[in-house]
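Subject: Handover of a structure and its findings

Dear colleague,

Please find below the sequence and the structure that I am handing over to you. I would be grateful if you read the notes that follow with the structure open beside them.

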Amino acid sequence: MAEREILLEVEHLHKYFPIKGVRGPGIQAVQDVSFSIFRGETLGLVGESGCGKTTLGRTVLRLHEPTGGRIRYGGTTLFARDLDEHGKPIGRTTAVDMLPYRRKMQIIFQDPSASLDPRMTVGELIGEALDIHHLTHGRAQRTQRIQALLEQVGLRAEHAGRYPHEFSGGQQQRVGIARALAVNPEFIVCDEPISALDVSIQSQVVNMLEDMHRELGLTYLFIAHDLSVVHHISNRVGVMYLGSLVELAGSDELSLHPLHPYTQTLLSAVPVPDPQVSRSRKRIPLHGEIPSPMHPPTGCPFHPRCPHARPVCAQARPAFQEASPGHWIACHLVQS
Ligand code: SF4
């Protein structure tokens, strides 16, 4: 079988937000996360609110500057900086100019109304992306391209003259998608693209993203808290807890054979349409609150809430390792 091409590679990525006047690293939003995305695949990312998935998506695009780690895209190192055990940078930092990569790497935001400038028409919003990257020549070609993009996302050419507030939430998200598509990207971070939308239009947007993925050969990092949507759209799924990636596997493998206690808890709470299956499924309660990312627990970040925790879990952070081909997990109970 032909080797799949790795498009994005992330190694030991950290993102801390220092707090003014407070000693220490501050909010440790992303901690030592490593994964790859193959060209043409959709990698889903799930976890509770505040687990760091959105910060991870933005850090990968360098919309947030990483604190440490490595990001490679298409074989080019976009960022590299090593950290010591106290989170202080050591050695030389490599960081390339992102402008050429901004065209290839795009984002669709969670809240379309907040991500569109209310003072600009839809045509201006899409045209701005074309202008920054000099993608059209002359007024007529620019107008044609804007109209084609609007039609591609299910809107009409005459919508170009309207302002964002004149659209519904679903239509605004379509404008956000058209703007991301304007620059012919290869890779898109879809950051909870349907969670702010009415349930009735969520499936339309998911179907449109799937069509675009297939027709344009796109690669997605699809972030959501709804496991069933992520399972539906993704080839592989990663599970985050308190800034760390705790499990990563093929979409079916993860839902049929979850290994990490946190993933098992998440999956047990997913509603099943079949009442018989639903009755036979045991819900695993998750006790306690998610700890503060300012003071994450020592050892395994899940140990204060884990029903299987052992003394070692509070002392040593489990390595993220491949338990079986393609199935990665960070848990002392599961050895490779
Ligand atoms: Fe639970 Fe320990 Fe595994 Fe963490 S390492 S998930 S605390 S068993």
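Trp328 is a suitable place to begin; this residue is found in strand S13, which covers residues 327-329. Please keep in mind throughout that the model is a predicted one. Trp328 counts as partly exposed, because its relative accessibility is 30% and the partly exposed class lies between 20% and 50%. Leaving out residues up to four places away in sequence, Trp328 touches Val246, Glu247, Leu248, Phe320, Gln321 and Glu322. Along the chain, Trp328 and His260 are 68 residues apart, yet their C-alpha atoms are separated by 9.6 Å.

The ligand and its surroundings

His260 leads to the ligand, since it is one of the residues around it. Which other residues are around the ligand? They are Pro261, Cys300, Phe302, His303, Cys306, His308, Ala309, Cys313, Cys331, His332 and Leu333. By type, this shell divides into 8 nonpolar and 4 polar residues, with no charged ones. The ligand itself sits in the largest cavity.

Helix H10

Pro261 also belongs to helix H10, where it is one of the buried residues. The others that are buried in H10 are Tyr262, Thr263, Thr265, Leu267 and Ser268. Because 6 of the 8 residues of H10 are buried, this helix is largely enclosed by the rest of the structure. Against which elements do the buried residues of H10 pack? They pack against helix H8 (227-233), strand S10 (236-241), strand S11 (244-250) and helix H9 (251-256).

Within H10, which spans residues 261-268, Thr265 deserves a separate look. Its relative accessibility is 6%, so Thr265 counts as buried. Apart from residues up to four places away in sequence, Thr265 touches Ile284, Pro285 and Leu286. The C-alpha atoms of Thr265 and Cys306 are separated by 9.7 Å, although the two residues are 41 residues apart along the chain. Cys306 is also among the residues around the ligand.

The nonpolar cores

The largest nonpolar core has 54 residues. Those with the most contacts inside it are Ile126, Ile177, Leu181, Leu209, Met212 and Phe222. Helix H7 (residues 199-216) gives the largest share of this core, namely 6 residues. Apart from this core lies another one, of 29 residues, including Leu7, Phe35, Ile37 and Leu78.

Leu209 shows how residues from separate parts of the sequence meet: residues up to four places away not counted, it touches Ile108, Ile177, Pro193, Tyr220, Phe222 and Ile233. Ile126 appears again as a contact of Ala178, which is also in contact with Leu149 and Val153 when neighbours within four places in sequence are left aside. Ala178 lies in helix H6 (residues 169-181). With a relative accessibility of 0%, Ala178 counts as buried. Ala178 and Ser168 are 10 residues apart in sequence, and their C-alpha atoms are 15 Å apart in space.

Glu192 and helix H1

Is Glu192 buried or exposed? Glu192 counts as buried, because its relative accessibility is 7% and the limit for buried residues is under 20%. Glu192 is found in the loop between strand S8 (187-191) and H7. Neighbours within four places in sequence aside, its contacts are Lys53, Gln110, Ile223, Ala224 and His225.

Lys53 is in turn one of the buried residues of helix H1, together with Thr55, Leu56, Gly57, Thr59 and Val60. Helix H1 (residues 53-60) is thus mostly covered, with 6 of its 8 residues buried. After H1 comes Arg62, whose phi is positive, near 60°.

Further residues with positive phi, and Gln28

His12, which is not a glycine, has a positive phi near 50°. His12 is found in strand S1 (residues 6-17), and at 48% relative accessibility it counts as partly exposed. Asn184 is not a glycine either, and its phi is positive at about 50°. Asn184 is found in the loop between H6 and S8, and it is partly exposed, with a relative accessible area of 47%.

Finally, Gln28 is found in strand S2 (residues 27-38). Its relative accessibility is 12%, so Gln28 counts as buried. Gln28 is in contact with Lys15, Tyr16, Pro293, Met294 and Pro296, its neighbours within four places in sequence being left aside.

Yours faithfully,
A colleague

Key
Residues numbered from 1 in each chain as written. Predicted model: local features only at pLDDT ≥ 70, side-chain atom pairs only at ≥ 80, totals over all residues. Heavy atoms only, no water. Near = heavy atom within 4 Å. 1 Å grid on protein atoms, 1.4 Å probe; cavity = no way out; pocket = protein on both sides within 12 Å on 5 of 7 lines; lining within 4 Å. Sits in = over half its atoms within 2 Å of the grid points. Nonpolar A, V, L, I, M, F, W, Y, C, P; charged D, E, K, R; others polar. Core = buried A, V, L, I, M, F, W, Y, C linked by side-chain atoms within 4.5 Å. Buried < 20%, exposed > 50% of the residue type's maximum accessible area, 1.4 Å probe, protein only. Helix = DSSP H or I, 4+ residues; strand = E, 2+ residues; numbered from the N terminus. Contact = heavy atoms within 4.5 Å.
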